[in-house]
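Please look over the sequence and the model below before reading on. The report that follows moves from one pair of strands outwards to the rest of the chain.

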Amino acid sequence: MKSNLLPIAKEGWNYLAGSIILFFIFTLFDLNILQFLAFVTTLFFLFIFRNPERQSMLYQENSVVSPIDGVVVSIQELQNENSYAYKIEIQSSYLDVALLRVPFTSSIEKIELHKGARLSAFKVLSKDINENVKLIFTDVKSSNKIKIVHRLKQSIKGIDIDVIKGQNLLQGSRYGLVLNGITELYLPHNFRLNIGIGNELTASESLIGYFTIESKKAK
């Protein structure tokens, strides 16, 4: 998997190029107000598509790190779910880095991308019709798995996923981009949480928790 080490994520190159071209066109024709707006827009794109390098944290084996920057807004214990015991919701905004990072060394078992609307999260229908993607990361050796759902809010950019089903990925590597969205983590019964509501998370650096040794139960 190729890593983009440039300071701007490749998903933002077209946006940035367009705003720079407009800036020079408006400058050429002495359209000062439009020139200023194009300059501000360029700065905005530079900020929201920034691509900072992240430190590789030396957590112990079976650790899970945050896949995205944001704030934990809810932690729910799932009572009627066989595969997952916890649902963690993380809110991200335009102030957060939009790049997604692999939560633990694993392979992609499932990817389902659903194109849709980009309504405000306050709209009742947003959860049902907004653009979203569902991914399942699985460690073949231990059978540990996590489901992640990324859902857009009001965003200028659609969801980008740069990995394919069956691809092996290292913890902390980039796998896509979600600009201004909501992320749901579905964690299994053999998981020990290390976060609380209100925690600010940094993708690939903040520890979500650990998989523990699970006693096999009869189904």
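## Strand 6 and its surroundings

In strand 6, phenylalanine 137 is the bridge partner of isoleucine 108. The model is a predicted one, in which local features need pLDDT of at least 70 and side-chain atom pairs count only at pLDDT 80 or more, while totals for chains, interfaces and linings use all residues. Residues are numbered from 1 along each chain as its sequence is written, and side-chain values use heavy atoms, with hydrogens and water left out.

The protein chain has three helices and 14 strands, where helices (H or I, at least four residues) and strands (E, at least two) are DSSP runs numbered from the N terminus. Eight of the strands form an open sheet in the order 9-5-6-7-11-3-2-13, with antiparallel pairing; two strands count as paired if DSSP finds at least two bridges between them. Strand 9 (168-169) and strand 13 (200-201) stand at the edges with a single partner strand each, so one side of each is left without a neighbour in the sheet. Three of the antiparallel pairings are set out here.

| Strands | Bridges | One bridge pair |
|---|---|---|
| Strand 5 and strand 9 | two bridges | Ser107 and Asn168 |
| Strand 5 and strand 6 | seven bridges | Ile108 and Phe137 |
| Strand 6 and strand 7 | seven bridges | Asn132 and Arg151 |

Strand 6 and strand 7 also form a hairpin with six residues between them, and serine 143 in the turn has a positive phi of about 70°. Strand 6 is mostly covered, since six of its seven residues are buried, a term that means under 20% relative accessible area, with exposed meaning over 50% and partly exposed in between (1.4 Å probe, protein chains only).

## Cores

In soluble globular proteins, nonpolar side chains tend to be buried together. A nonpolar core is here a set of buried Ala, Val, Leu, Ile, Met, Phe, Trp, Tyr and Cys residues joined through side-chain atoms within 4.5 Å. The largest one has 27 residues, of which Phe137, Tyr175 and Ile208 touch the most other members. Strand 3 (86-91), strand 6 (132-138), strand 7 (145-152), strand 11 (181-187) and strand 14 (207-211) are the elements that give two or more residues to this core. Apart from it lies another core, of eleven residues, among them Ala9, Leu16, Val97 and Ala98.

Contact means heavy atoms within 4.5 Å. When neighbours within four places in sequence are left aside, the residues in contact with phenylalanine 137 include Pro103, Ile108, Ile146, Leu169 and Tyr175.

## Helix 2

Helix 2 (residues 32-48) has 17 residues and reaches 24 Å from its first C-alpha to its last, close to the 24 Å expected at 1.5 Å a residue, the expected span being 1.5 Å times one less than the number of residues. In this helix Gln35, Ala38, Thr42, Phe45 and Ile48 are buried. Seen down the axis of helix 2, the buried residues fall within an arc of 155°, so they line one face of the helix; the arc is that of the directions from the helix axis to the C-beta atoms. These buried residues pack against helix 1 (13-28), whereas Asn32, Ile33 and Phe36, on the other side of helix 2, are exposed.

## The whole chain

Buried residues make up 45% of the 219 residues in the protein chain. The C-alpha trace spans about 75 × 40 × 30 Å along its principal axes. Among contacts between residues at least 6 apart in sequence, 72% join residues at least 24 apart.
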